[in-house]
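Visitor: Please pick a single helical part of this chain and take me through it closely. Begin with the whole chain, so that the part has a setting.

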Amino acid sequence: MECYNLQRQAACLKRSLFDQGYLDEQFCQIEDLQDEASPNFTAEVACLFFKDSARLMTNIEQAMEKNPRDFNRWDAHMQQLKGSCSRMKIECASFRNSCGDENAEGCVRSFQKVKREHGVLRQKLESYFQLLRQAGPAGTATRCGGA
């Protein structure tokens, strides 16, 4: 009974993440690749995303510090990051538009929003995967380590 309730909670949380724009069709495509042979595939892909995106955000911060007003360089770094969740895509697009306008303040504001959305997404997905782990084998997920 508790397992069913946990699975139901996980399903509701997942629906909420879609409704809020944190997840999109790409997440479903990743989940479709998960099977008995790789029951933690989705969580593992999420872990890889968070590790890679943290590195990319560090690269953006460094580029902004070391290459002030090099909007082409900033834009190139953001292009690598933008293929993530829906809400982050919006902020990445705003950053890239600010680069095109050579608006450093707009870039800084947008980048802060990207980092905030990244943190919220990470927290929400960790909660989702934690519910799946608690639900047991039918909802297996690995714990995502790192920052």
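Guide: The chain has an accessible surface of about 8500 Å² (Shrake-Rupley method, 1.4 Å probe; for residues, only the protein chains shown count as cover), and carbon and sulfur atoms contribute 49% of that surface. The model is predicted, so local features need pLDDT of at least 70 and side-chain atom pairs count only at pLDDT 80 or more, while totals for chains, interfaces and linings use all residues. Residues are numbered from 1 along each chain as its sequence is written, and side-chain values use heavy atoms, with hydrogens and water left out.

Of the chain's 147 residues, 39% are buried (under 20% relative accessible area; exposed is over 50%, partly exposed in between; 1.4 Å probe, protein chains only). The chain holds 6 helices and 0 strands (DSSP runs, H or I of at least four residues for helices and E of at least two for strands, numbered from the N terminus). Among contacts (heavy atoms within 4.5 Å) with a separation of 6 or more, 62% join residues 24 or more positions apart.

The part to look at is H5, residues 86–100. This helix of 15 residues spans 21 Å from first C-alpha to last, close to the expected 21 Å (1.5 Å times one less than the number of residues). Its buried residues are Met 88, Glu 91, Cys 92, Phe 95, Ser 98 and Cys 99. They lie on the same side of H5, because they cover an arc of only 115° around the axis (taken from the directions from the helix axis to the C-beta atoms). Their cover includes helix H3 (41–66), helix H4 (71–81) and H6. On the other side of H5, Ile 90, Asn 97 and Gly 100 are exposed.

Within the buried set, Glu 91 carries a charge (Lys and Arg count as positive, Asp and Glu as negative; His and the chain ends are not counted). Glu 91 has no salt bridge (a side-chain nitrogen of Lys or Arg within 4 Å of a carboxyl oxygen of Asp or Glu). The nearest side chain of opposite charge to Glu 91 is that of Lys 113, 4.6 Å away. Leaving out residues up to four places away in sequence, Glu 91 touches Ser 110, Lys 113, Val 114 and Glu 117.

Just after H5, Glu 102 has a positive phi of about 55°. Helix H6 then covers residues 104–135.
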